[in-house]
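Let's walk through this structure together, one piece at a time. Have the sequence and the 3D view open side by side, and follow along as we go.

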Amino acid sequence: MNDYPWNDDAERSLVGAALLDGGVLDNVAIRADHFGSIVWRACWEAMQEVHAEGKPLDPLVVTDRLQKRGAPDTILCRLSEAYANTVTSTNADHYADLIRERWLGREIASLAEELKQPGRT
């Protein structure tokens with residue numbers, strides 16, 4: 001595992017896979033806080049909201065939701081990039097595993113830092 005706190009490729013690919021197939025949101029056990037990138041976390045949150053409301057999970061609808069939330073243009077561009085560069089949702093489970101692995105690493109590192117604080121045993 002490298003020192004990069006998240007796997008941007010996996011996060012982008014999972015967002016893209018969910019845009020291609022909304023069922024991905026139902027089939028992977030990923031929460032927004034599992035994402036290390038604030039860009040992909042914001043996209044995933046918006047996608048979960050749209051999906052929970054029964055609206056179509058496509059780039060236009062998700063972009064509209066992100067705009068209503070005041071997301072900067074960089075997030076909107078990255079969402080379009082994810083959709084344009086993902087050709088299948090087949091590997092969504094694998095991407096989710098990679099994301100969870102990095103999230104767990106961040107959680108362990110955070111706990112280790114907390115335990116290093118003076119007065120902790």
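A good place to begin is Thr-63, which sits in helix α4. Keep in mind as you look that this is a predicted model. Is Thr-63 buried or exposed? Its relative accessibility is 16%, so Thr-63 counts as buried, the cut-off for that label being under 20%. The side chain of Thr-63 reaches back to the backbone oxygen of Pro-59, at 2.7 Å. Once neighbours within four places in sequence are set aside, Thr-63 is in contact with Leu-76 and Leu-79.

Now let's step back to the whole chain. Its secondary structure comes to six helices and zero strands, so to speak a plain run of α-α-α-α-α-α when read along the sequence. Taken along the principal axes, the C-alpha atoms fill a box of roughly 50 × 30 × 25 Å. Of the 121 residues in the chain, 39% are buried. If you take the contacts between residues at least 6 apart in sequence, 67% of them join residues at least 24 apart.

Pro-59 comes up again when you turn to Tyr-83, a residue of helix α5. Along the sequence, Tyr-83 and Pro-59 are 24 residues apart, while in space their C-alpha atoms are 7.2 Å apart. Not counting residues up to four places away in sequence, Tyr-83 touches Gly-16, Leu-19, Leu-20 and Pro-59. With a relative accessible area of 35%, Tyr-83 is partly exposed, a label that lies between the 20% and 50% cut-offs.

Those touches lead us to the meeting of α1 and α5. The axes of these two helices come within 8 Å and cross at roughly 75°. α1 and α5 are therefore roughly perpendicular to each other. On the α1 side, the contact is made by Asp-8, Arg-12, Val-15, Gly-16, Leu-19 and Leu-20, and on the α5 side by Arg-78, Leu-79, Glu-81, Ala-82 and Tyr-83. Sorted by type, the residues of this contact divide into six nonpolar, one polar and four charged.

Helix α5 has another partner to look at, namely α3. Here the axes come within 10 Å, and they cross at roughly 75°. That crossing makes α3 roughly perpendicular to α5. Val-39, Trp-40, Ala-42 and Cys-43 in α3 meet Ile-75, Arg-78, Leu-79 and Ala-82 in α5. The residues of this contact divide into seven nonpolar, no polar and one charged. Notice that Arg-78, Leu-79 and Ala-82 are listed in the contact with α1 and in the contact with α3.

Let's stay with α3 and follow it from end to end. The helix covers residues 38-52, which is 15 residues, and it reaches 21 Å from its first C-alpha to its last, close to the 21 Å expected at 1.5 Å a residue. At its start, a side-chain oxygen of Ser-37 comes to within 3.2 Å of the backbone nitrogen of Val-39. After the helix comes Gly-54, whose phi is positive, near 75°. Which residues of α3 are buried? They are Val-39, Trp-40, Ala-42, Cys-43, Trp-44, Ala-46, Met-47 and Val-50. In an α-helix, with 3.6 residues a turn, residues three or four places apart point the same way. What covers the buried residues of α3 includes α1, α2, α4 and α5.

Just ahead of this helix, in the loop between α2 and α3, you will find His-34. Its relative accessible area is 3%, which means His-34 is buried. A polar atom of the His-34 side chain lies 2.9 Å from the backbone nitrogen of Arg-31. Beyond residues up to four places away in sequence, His-34 touches Glu-11, Ala-29, Ile-99, Arg-100, Trp-103 and Arg-106.

Our last stop is Tyr-95, in helix α6, which spans residues 92-116. At 16% relative accessibility, Tyr-95 counts as buried. Apart from its neighbours within four places in sequence, Tyr-95 is in contact with Ala-10, Ser-13 and Leu-14. Compare its place with that of Ala-46, one of the buried residues of α3: the two are 49 residues apart in sequence and 19 Å apart in space, C-alpha to C-alpha.

How values were computed
Residues are numbered from 1 along each chain as its sequence is written. This is a predicted model: local features need pLDDT of at least 70, side-chain atom pairs count only at pLDDT 80 or more; totals for chains, interfaces and linings use all residues. Side-chain values use heavy atoms; hydrogens and water are left out. Helices (H or I, at least four residues) and strands (E, at least two) are DSSP runs, numbered from the N terminus. Buried means under 20% relative accessible area, exposed over 50%, partly exposed in between (1.4 Å probe, protein chains only). Contact means heavy atoms within 4.5 Å. The expected span of a helix is 1.5 Å times one less than its number of residues. A polar contact is a pair of N or O atoms within 3.5 Å; within protein, one must be able to donate a hydrogen and the other to accept it, and residues adjacent in sequence count only if both atoms are side-chain atoms. Axes are lines fitted to C-alpha atoms, for helices over the stretch in contact, and angles run from 0 to 180 degrees between N-to-C directions. Angles under 35 degrees count as roughly parallel, over 145 as roughly antiparallel, 65 to 115 as roughly perpendicular and the rest as oblique. Ala, Val, Leu, Ile, Met, Phe, Trp, Tyr, Cys and Pro count as nonpolar, Asp, Glu, Lys and Arg as charged, and the others, Gly among them, as polar.
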